[in-house]
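Colleague: I am new to reading structures, and I would like to know what stands behind the words people use for them. Could we go through some of those words together, setting each value against its cut-off?

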Amino acid sequence: MDLGTSLINVALLAMLFVVAVAIIRMRSLFAIVMLAGAYSLLSATWFVVLDAVDVAFTEAAVGAGISTALMLGAMLLTSRTAKSERAILGVVPFLVCVLTGAVLIYATIDLPALGDAASAANSHVGAQYLERVQADTGVPNVVTAVLASYRGFDTLGETCVIFAAGVAVVLLLGFGERSLSARSDKGRSRKESK
Amino acid sequence: MIGVSVIALTIALALTLLRALMGPTLYDQVLAVNSFGTKTVLLLGMLGFFMGRPDFLDLAILYALINFVATIAVLKFVRYRSFQVTLVRKDRKKGEG
């Protein structure tokens, strides 16, 4: 990894860190939702730098798109600010966090380096895929080729299951006119009570 | 050349982030996050060329779409307090207010 890319990595990770700390410190839920959207856009960009475009795609669509809308919808049901509570310094939770972090960092030492040719993922079947994917499918991205071509039927089944689940959720919750008429009285009575 | 613009964009991102963090009103924050998303799209486009793989430029288009939709959702939430109001005004049986 050359200097420029590592500099971009450092800058993106620093911004991610700042946003995460800000999300923890803030009390206005609306601002937190907005910052969470910015956070997932940033991390999606970082995934692109790491060449994980498919993860970035999902992160951008789910993290910045859907979950922002979901969080705002959830905010409708609660108050607009979090309860302000006095900061209590718990020694035991702090120690547990530090210990878990240390163990995780220790575990990363054993991981092969990014793009290591001798790693287990790259030396057995993975190498075969990398060699043959161009001739077999003609898809430029190997992950996409595996997902949509080699195990295409599997992906089709997954998509059917997710679609069925989505339809079931929509049928249960109800969208559009039906839920609008049911919701409008409730919303008004809540507004009056304030 | 591309490296310089990547650096400039990163600095612009940091400045926008600063506004999003300490914006005096909520609307400053909404605006800052929206322009943060726009700058992310630009940075994504630049990064493709910077790393020598501009194949994934279409990802930037997806980001632009998501950013647009999210901003519309946020503004709709601020205005109507609900997502289930159609943006097209039409006569309803139970009028508002």
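Colleague: How many helices and how many strands make up the secondary structure of chain B?

Modeller: Keep in mind that this is a predicted model. In it, chain B has three helices and zero strands, and read along the sequence these give the pattern α-α-α.

Colleague: What makes the pair A:D136 and A:R132 a salt bridge?

Modeller: The rule asks for a side-chain nitrogen of Lys or Arg within 4 Å of a carboxyl oxygen of Asp or Glu. The side chains of A:D136 and A:R132 meet at 3.8 Å, N to O, so the pair satisfies that cut-off of 4 Å.

Colleague: Where do these two residues stand relative to each other in helix α6 of chain A?

Modeller: They are four residues apart in that helix, so about one helical turn separates A:D136 from A:R132.

Colleague: Why is A:R132 called partly exposed?

Modeller: Buried means under 20% relative accessible area and exposed means over 50%. A:R132 has 47% relative accessibility, which lies in between, and therefore the residue counts as partly exposed. A:D136, at 43%, is also counted as partly exposed.

Colleague: How do you know that A:R151, A:D154 and A:E158 are linked in a network of salt bridges?

Modeller: A:D154 forms a salt bridge with A:R151, the closest N and O atoms being 3.2 Å apart, and the side chains of A:E158 and A:R151 meet in a salt bridge at 3.2 Å, N to O. Both values meet the cut-off of within 4 Å, and because A:R151 takes part in each pair, the three residues are linked. A:R151 is partly exposed, with a relative accessible area of 31%.

Colleague: How many salt bridges does the rule find across the interface of chain B and chain A?

Modeller: It finds zero there, although a search of the whole structure finds three over all chains. The rule also finds zero residue pairs in polar contact across this interface, with both residues at pLDDT 80 or more.

Colleague: What makes up the side of chain B that touches chain A?

Modeller: Its residues divide into 26 nonpolar, seven polar and five charged. The contact takes 38 residues from chain B and 47 residues from chain A, and the area buried between the chains is about 3700 Å², of which carbon and sulfur atoms give 77%.

Methods: Residues numbered from 1 in each chain as written. Chains lettered and ligands numbered in written order. Predicted model: local features only at pLDDT ≥ 70, side-chain atom pairs only at ≥ 80, totals over all residues. Heavy atoms only, no water. Contact = heavy atoms within 4.5 Å. Buried area = accessible area lost by both parts, 1.4 Å probe. Polar contact = N/O pair within 3.5 Å; in protein donor to acceptor, adjacent residues only side chain to side chain. Nonpolar A, V, L, I, M, F, W, Y, C, P; charged D, E, K, R; others polar. Buried < 20%, exposed > 50% of the residue type's maximum accessible area, 1.4 Å probe, protein only.
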